[in-house]
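Me: I'd like to learn how to read a structure like this one. Please take me through it feature by feature.

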Amino acid sequence: MNDAPLIHVVDDDPVVRRALRDYLAATPGLAPRGESATGHEATAYVEQHAPDVVLMDLNMPGQNGVEATAWIRQHH
C-alpha cells in the first residue's frame, strides 16, 4: 500500500504545472495526482477527489488561488 500524500497541482501556466508534476513525481514519497489551470477547476477537483495537498498558484485569472484556497479550507 502506498502512503504517499496525493498532491494536486494548480497553476494557470501549463509549463509550470508540468514542471511541478515532473519534480514531484521524481521525489520519493510524493504522488502528484491531477492538475488544474484555474481556481474553479481546483475546487471542483478537490470536491470530487479530496487530495491530501493542493499546491496552489496565487495569481490566476477568474477565481484566484487565495479565493480557491479559502473555499477549500472552509469546505474540507
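Me: Let's start with one residue: what does Glu47 count as at 48% relative accessibility?

Reply: Before that, a word on what you're looking at: this is a predicted model, in which local features need pLDDT of at least 70 and side-chain atom pairs count only at pLDDT 80 or more, while totals for chains, interfaces and linings use all residues. Residues are numbered from 1 along each chain as its sequence is written, and side-chain values use heavy atoms, with hydrogens and water left out. Now the idea: buried means under 20% relative accessible area, exposed means over 50%, and partly exposed is in between (1.4 Å probe, protein chains only). At 48%, Glu47 therefore counts as partly exposed.

Me: Where is Glu47 found, and which residues does it touch, leaving out those up to four places away in sequence?

Reply: Elements come from DSSP runs numbered from the N terminus: helices are H or I with at least four residues, strands are E with at least two. Glu47 is found in helix 2. Contact means heavy atoms within 4.5 Å; beyond four places in sequence, Glu47 touches Trp71 and His76. His76 sits in the segment after helix 3, and its own contacts, again beyond four places, are Val46, Glu47 and Trp71. Glu47 and His75 are 28 residues apart in sequence, yet 8.5 Å apart in space, C-alpha to C-alpha.

Me: How do I read the way helix 2 and helix 3 cross?

Reply: Fit a line to the C-alpha atoms of each (for helices, over the stretch in contact) and take the angle between N-to-C directions, from 0 to 180 degrees. The axes of helix 2 and helix 3 (residues 65–75) come within 9 Å and cross at roughly 20°. Angles under 35 degrees count as roughly parallel, over 145 as roughly antiparallel, 65 to 115 as roughly perpendicular and the rest as oblique. So these two helices are roughly parallel to each other.

Me: Which residues of helix 2 and helix 3 meet?

Reply: From helix 2 come Gly39, Thr43, Val46 and Glu47, and from helix 3 come Ala68, Trp71 and Ile72. Sorted by class, that contact has four nonpolar, two polar and one charged residues. (Nonpolar covers Ala, Val, Leu, Ile, Met, Phe, Trp, Tyr, Cys and Pro; charged covers Asp, Glu, Lys and Arg; the others, Gly among them, are polar.) Glu41 is in helix 2 too and is partly exposed, at 40% relative accessible area.

Me: In what order do the strands sit in the sheet?

Reply: Strands pair if DSSP finds at least two bridges between them. Here three strands form an open sheet in the order 2-1-3, with parallel pairing. Strand 2 (31–36) and strand 3 (53–56) are at the edges with a single partner strand each, so one side of each has no neighbour in the sheet. On average, neighbouring strands are turned by 25° against each other, direction ignored.

Me: How many bridges link strand 1 and strand 2?

Reply: Strand 1 (residues 6–10) pairs with strand 2 over four bridges, in the parallel sense. Among the partners in strand 2, Pro32 goes with Ile7 and Ser36 with Val10. Four of the five residues of strand 1 are buried, so the rest of the structure largely encloses it.

Me: And what about the loop holding Ala50?

Reply: Ala50 is in the loop between helix 2 and strand 3. Its phi is near 45°, a positive value in a residue other than glycine.
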